[in-house]
Structure formats: structure tokens, C-alpha cells
Amino acid sequence: MHPYVIQSHAHLTSAPITLCTASTSATCRRSCSMPSCLAARHHILRTILALRNLSIEHSVLRDAKQSRSFVTGRRRNASSCTREYSSSAQTFNDSLEKKASSSKHDVSAMLHRISAFLPRALSGSTTDGGIRSSQLWSELLSEVDTDLCSPLEAHLSARVVVCGADQWAGSHELITALLENPFTTDEAYSDILRNRWKNQSTYLTIDHRSSTSLINRTLTIPAPWLQQYPFPIQLTEIPTLSSDPSLPKILFKGDVLILLCNPLTTPLPTLISNAQHILQRPNTILVLTASNTSRHAIDYISKQLAAANCTPGKILAVDPIRALEAVSALKSDPSSPAAIQRYQDDFMGSRISLLGDVLAGMLGLNDSSRTASSSSLLSAIRTRSAVIQMQSALYASALSVSQARVSTDRVFTGASELQSQVEEVRARADREVLLESGIDKALLCGLKEMKALLESLTWLKMIWRVDEIDSLVSSVLDRRWCRELENQLILQTGRLASTQASLTSSTFSQLAKLASPNSSPTFRSPILDNHLRQLTHSPTYALTPDALTRPIQARRSQLTKHTTTRLHRDAQNAVLGAFGGMFGGAGVGWWLAFGESALSVGAGSEAGTALGAGALVAVASIRWAVGKWERAKRKWVEDADRVGEGLKRDLKVTLERGIEKNVAVVPIAAYEGLRELAGKQQEEIDVVRSDLISMQADVEALETARPS
């Protein structure tokens with residue numbers, strides 16, 4: 001009998017496996033660890049008959065049925081080979097189960113700890129499909145803990161999720177090529193498999209059963225590929241990444257996630273943007289479905305992903321369309337040598353066989369686990385998946401904390417921008433309001449006019465209007481002193497009112513920008529917003545025309561009530577003193593002339609002497625009165641000059657107070673409130689970040705200590 005060459009589609013291996021004839025079955029029993037026995041044990045699908053010289057004759061093709069019978073016999077041999085492992089693997093399994101039990105308790109405790117931490121780091125609901133939602137991760141971790149603590153009999157399958165980046169990624173073709181059986185006689189098998197998405201929308205679960213059916217998003221099918229490993233495989237097919245709220249949870253439930261991407265339709269930046277949360281998971285297999293993807297291209301893509309903090313477990317290049325065409329060609333004519341040759345060429349050229357090897361590695365099926373039981377392997381898979389879920393939850397928390405830090409920095413930046421606008425208004429107001437209004441010039445002109453008035457009030461004129469000095473000076477003071485400056489300040493008040501409206505509008509625009517859904521992350525404080533709106537409706541918010549002129553009015557009133565009143569009093573005193581001196585001089589003269597005293601000369605002094613003495617006293621009193629009036633006028637001018645200097649200071653203080661209490665009251669309150677809120681948020685972020693780093697270290701230690 002000719003030797004038979006069998007291509008193992010079930011294992012997706014690229015090299016053909018040579019099987020011995022019936023006469024060498026004893027040898028096979030002794031070498032049951034060889035790949036041929038393992039291939040037979042795990043339900044080989046593809047049987048290809050070949051001659052030694054690789055030229056296939058029609059006579060050999062007629063023996064296909066005999067070949068299938070031969071494979072059935074090999075499965076019996078493989079079963080006997082398996083029994084030889086049972087005694088030697090029992091001790092290893094017991095030890096592995098003890099380690100796994102201890103690891104389960106540690107993982108479960110960490111799951112509860114992280115679940116309690118998540119609400120502090122993640123928001124309850126998000127706009128990114130729930131990736132950074134505490135509800136999503138709490139539910140996932142709760143389900144993971146339930147799976148971890150439940151008996152293994154409740155979950156006998158390894159969960160593999162297959163998802164396409166878009167509708168051209170080839171997820172449908174990949175699963176069809178893996179599950180198709182060209183030798184089946186069941187007509188419904190291929191029909192249901194290839195048309196499984198006719199009445200489906202979001203996802204499909206595929207399990208192994210003895211019959212083929214499609215009910216309520218669940219496809220059961222007797223596909224040998226689902227049984228090729230020591231435990232069954234449950235496939236979940238998602239055609240494209242979508243914003244459906246249920247998809248993130250389904251994606252993360254898988255023990256292994258296969259993400260397909262067609263680089264021609266989904267550029268790498270788009271893939272990173274849409275699937276960064278998937279690409280950072282170590283149980284993700286990124287499958288590039290371009291037919292001409294080279295090793296250098298994969299290395300380049302790997303570096304680009306690493307630069308974006310995306311490190312999937314493995315990156316492969318597979319052509320699922322070519323693999324499906326190979327299976328379809330063989331199914332159309334299983335006995336045709338051309339179809340068989342095309343199947344071999346296209347199936348191996350599609351590199352789909354590499355996917356099975358990588359998937360086995362992801363599921364922990366290595367040389368050291370060959371003697372482990374399926375329950376031990378599934379337990380290890382569950383534990384590893386739990387650790388990955390915790391890492392992903394903490395990764396989402398780290399992203400959320402980072403985004404919150406960015407939000408806090410944006411708030412500080414917004415507050416600084418508002419403060420810069422206020423400082424700019426202050427600097428501009430000093431220049432425009434104080435300098436352009438011409439305060440110095442107005443004070444100088446006012447002082448000159450008042451000097452001219454006082455100089456016009458000579459002694460002789462003052463005597464006749466002594467009772468009108470107060471009203472006269474006050475009237476001129478009210479009409480002339482800084483009146484032009486007052487008009488200029490009223491004009492500047494109108495400009496400040498416009499500036500106030502602009503600052504208020506800019507403030508609310510800045511708050512709206514921070515709270516905008518288009519800017520992520522958002523920052524919203526209803527309390528601060530309400531406080532600012534209350535300020536805008538406050539009675540003291542609006543600028544009145546006399547907002548800047550009050551110091552002028554106060555200083556004018558000061559000159560009127562104090563300085564001018566003193567001038568009026570000094571004028572009256574001077575007049576009284578002058579007239580008193582004149583009458584006193586007359587009295588002195590009379591006394592010297594006619595009075596009886598030691599100064600009298602005889603019966604009376606000479607008339608000339610007495611008259612001279614009286615005149616001297618009168619002139620001295622008048623001179624004193626004139627000097628007193630001149631000093632009073634000079635003192636009034638000096639007081640007015642000091643009042644003018646005080647007015648400058650008052651105007652500056654009033655302007656600053658007006659900007660702080662009126663013009664910029666809203667932006668000042670806004671940036672002070674923003675900084676206070678951002679400061680408190682930053683303190684909370686620092687505490688959460690510290691706890692997050694601690695948990696990441698504990699999970700890393702748990703991953704290191706986990707039995708492999």
C-alpha cells in the first residue's frame with residue numbers, strides 16, 4: 001500500500017504529516033507523542049491522497065473512502081496512546097491544581113479590591129462607548145470573579161472573540177475558512193455557515209454541537225476546528241467595531257481576541273484611534289488581512305503601535321479570502337487533482353495555519369502543558385483572563401486619571417487666560433483712562449483758573465464782597481475745576497462698560513469651552529456658573545456714569561467745605577482786623593491827645609503826635625489784614641494743589657476698584673473659582689493616582705507569581 005500524506009486543516013499546520021500504514025501501528029503506539037497521533041486525536045479534517053512520486057492517479061482518488069476509514073482507525077490508536085499519559089500526568093495535574101487554587105484566591109481578592117477602586121477613577125457613564133465607564137468594568141470584573149469561583153463544569157470552553165476593524169477586514173471569510181468542512185455530506189452545514197449573517201446585526205456566538213442550527217445569535221455547528229484543542233472553543237464573531245453599548249463588554253469577555261484589519265481600508269492611525277483599548281491587551285492577536293504584507297511591514301507596524309502605547313500579544317499577516325477560496329475550490333470537486341493542488345497552494349499561501357499556532361500559544365498550550373488536563377488548562381486560562389481584565393481595568397483607570405489631569409491643566413490654562421485678559425484690561429485702563437483723560441493738564445488748568453479768580457479778589461475788592469467769598473469761590477470751583485476731566489472720565493466709563501461686557505462674554509465662552517462635549521475631557525461646575533450669573537444680575541454690577549467721577553466730586557466738596565470755608569473765614573477776620581485796627585488807631589490818637597495818663601503831656605499831647613500814633617496803628621492793622629488775605633489765598637492754592645495730588649491717587653484707586661468690582665468682577669470670580677476647583681481636583685487625582693500605581697504593582701506581582 002502506498003503511504004498516505006494528510007494535510008491537517010484542523011491544526012492549521014503548514015507542513016504535511018506522513019502517516020504510517022496499518023503494518024506499522026505498533027510503532028505508532030510506542031511513539032504516540034508524535035504529531036501524527038496528536039493530529040489524529042484532534043479530528044483531522046483534510047485527507048489528501050498522494051503517490052510517492054506526487055503524481056495523483058484516478059485510481060488512488062477512488063480509494064478516498066478507504067482513506068477516511070484509515071483515519072478512523074488512527075483515531076482509535078490515538079485514544080490508546082492517550083491512556084499511556086494518564087498515570088504520568090496525574091501527579092503534575094494535582095500540583096498544578098493546588099497552585100491554581102491558591103492563585104484563584106489571590107486573583108479574586110484583587111478583583112474585589114479593584115472593583116471598589118474603579119468608581120473613584122472612572123466615571124459612571126462616558127461618551128467613548130463605555131471604555132472608561134466604571135459600570136462596564138465593574139460588571140466585567142464581577143462576571144470574571146463569578147467565572148473564576150464557579151465550578152469548571154459550568155464553563156467548559158475557551159472563549160475566542162473575532163472582530164473586524166471594518167466591513168472589509170475579512171472576519172466573515174476567516175471564520176468561514178476555519179469552520180468549513182469540504183468533505184461533509186450535510187447540505188445545511190455550508191449553507192448555514194456561509195449565510196449566518198443574513199438576519200444578524202451585532203454579534204454571533206458559535207459553539208460546537210453535533211447538528212447545525214442558527215437560533216437567536218447562536219450558531220451550533222459540528223466544526224472539527226472548534227474541537228482541535230484539549231478543550232472546546234467558543235467563537236464570538238463581531239463583524240465590525242461599533243458604538244453599540246453591548247459590544248465593548250462582549251469584546252473584553254474573550255480569553256483571546258482576534259482583531260482583523262485591512263490596512264488598505266483602515267489606516268494605522270485610524271485603527272489606533274478606534275481600537276487602542278483592544279490593542280493594548282496582551283491576549284489580542286492583530287491580523288493584517290492584506291495579501292502582500294511583508295515581515296518588514298509587520299515590524300514597522302509593530303513599532304508604530306508601540307509608539308502609541310499599543311502592544312498586542314501578536315501581529316500576523318493572513319489572507320482569509322485566499323484561504324476561503326482554497327476551501328471552496330476543494331469543496332467544489334474534492335476528487336480533482338487540480339482542486340487539491342490549488343487547495344494546497346492557496347491554503348498554505350494564505351498563512352492561515354499560523355493563526356492556529358499563535359492561538360494555541362495564547363491559550364497556554366505549550367510543551368510544558370502537554371500533560372496537563374483540560375480542566376487545569378481551562379482554570380489557568382480563566383486566571384490569566386482575570387489578570388488581563390484587571391490590567392485592562394487599571395489601564396482604563398490610568399487613561400481616565402490622565403484625562404482628568406489634562407482636564408485640570410486645561411482648567412488652569414483657562415483660568416490663566418482669563419487672568420491675562422483682566423491684567424491686560426488693567427494695564428490698558430491705566431494708559432487709556434488716566435493718561436488719555438489728561439488728569440495733570442486738567443488739574444493744572446483748574447488751578448490756574450482758581451488762581452486767576454483769587455488774584456482778581458484784591459484787598460479792596462474783597463472788602464466789598466467779603467460775605468460773598470464762600471459762594472463766589474464755590475461757584476467758580478464747581479463750574480471750572482476739573483470739569484473737562486469729569487466729562488472725559490464719563491466717556492471712559494462708557495468704554496469700560498463695553499470692556500465689561502466683552503470680558504463677561506469671554507468668561508462664559510471659556511466656561512462653555514471647558515464644558516463642551518467636543519473637548520475631551522469636559523469640565524463643568526454648575527455652582528460656579530450660577531454664582532457668575534448672579535454677579536451679572538447684581539445691582540452693583542452695572543457701571544454708572546459717575547463711577548469714575550466720584551473722586552472729583554468728593555475732592556471738589558472737600559475744597560468747598562473746608563478750604564474755601566477757611567478762606568471765607570480768613571477774609572472776614574482780615575476785614576474785621578483792619579477795621580478794628582482803624583478804630584483802635586483812632587482811639588489811641590484820642591487817648592494820647594486827651595486822655596489822662598503817664599504818656600499825656602500836660603493837659604494833652606500835641607495834635608500831630610496823637611494823630612500820627614493813631615494813623616500808625618490804623619495803617620499797621622490794614623497792612624496786617626492785607627497780608628492775612630494774601631496768605632489765605634496762597635494757602636487755598638496750596639491746599640487745592642494737595643487736593644489735586646490726592647485726586648490723582650483717588651482716581652487710580654477708583655479705577656482699580658472699578659475694574660475689580662465691576663468691569664472684571666465676573667472673570668476674576670471665574671478664574672479664582674476655577675483655580676480653587678482645579679486645585680481640589682488635582683489633590684484628589686494625586687491620591688487616586690497613588691492608589692492606582694500601588695494596584696498596578698500588586699497586579700504585576702500577581703502576574704509574576706501566577707503559575708504558568
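## Strand S4 and its sheet

Strand S4 and strand S6 (residues 218-221) pair in the parallel sense, joined over four bridges. Keep in mind as you look around that this is a predicted model. Here is a short tour, starting at S4 and moving out to the sheet it belongs to.

**S4 and its surroundings**
- S4 covers residues 204-208, and four of its five residues are buried, so the strand is largely enclosed by the rest of the structure.
- Buried here means under 20% relative accessible area.

**S4 beside S6**
- Asp207 has Thr220 in S6 as its bridge partner.
- His208 is bridged to Ile221, again in S6.

**S4 beside S7**
- Strand S7 (residues 233-238) is joined to S4 by three bridges, and these two strands run antiparallel.
- Thr205 finds its bridge partner in S7 at Thr236.

**The whole sheet**
- Which order do the strands follow in the open sheet of eight strands? Reading across, you meet S5-S6-S4-S7-S3-S8-S9-S10, and the pairing is mixed.
- At the edges sit strand S5 (213-215) and strand S10 (314-317), each of which pairs on one side only.
- On average, neighbouring strands of this sheet are turned by 20° against each other, with direction ignored.

**A helix on the sheet**
- Helix H9 (residues 268-279) packs on the sheet, where it touches strand S8 (256-261) and strand S9 (284-288).
- The direction of H9 makes about 165° with that of S8.

Note on methods
Residues numbered from 1 in each chain as written. Predicted model: local features only at pLDDT ≥ 70, side-chain atom pairs only at ≥ 80, totals over all residues. Heavy atoms only, no water. Buried < 20%, exposed > 50% of the residue type's maximum accessible area, 1.4 Å probe, protein only. Pairing = 2+ DSSP bridges. Axes fitted to C-alpha atoms, helices over the stretch in contact; angles between N-to-C directions. Contact = heavy atoms within 4.5 Å.
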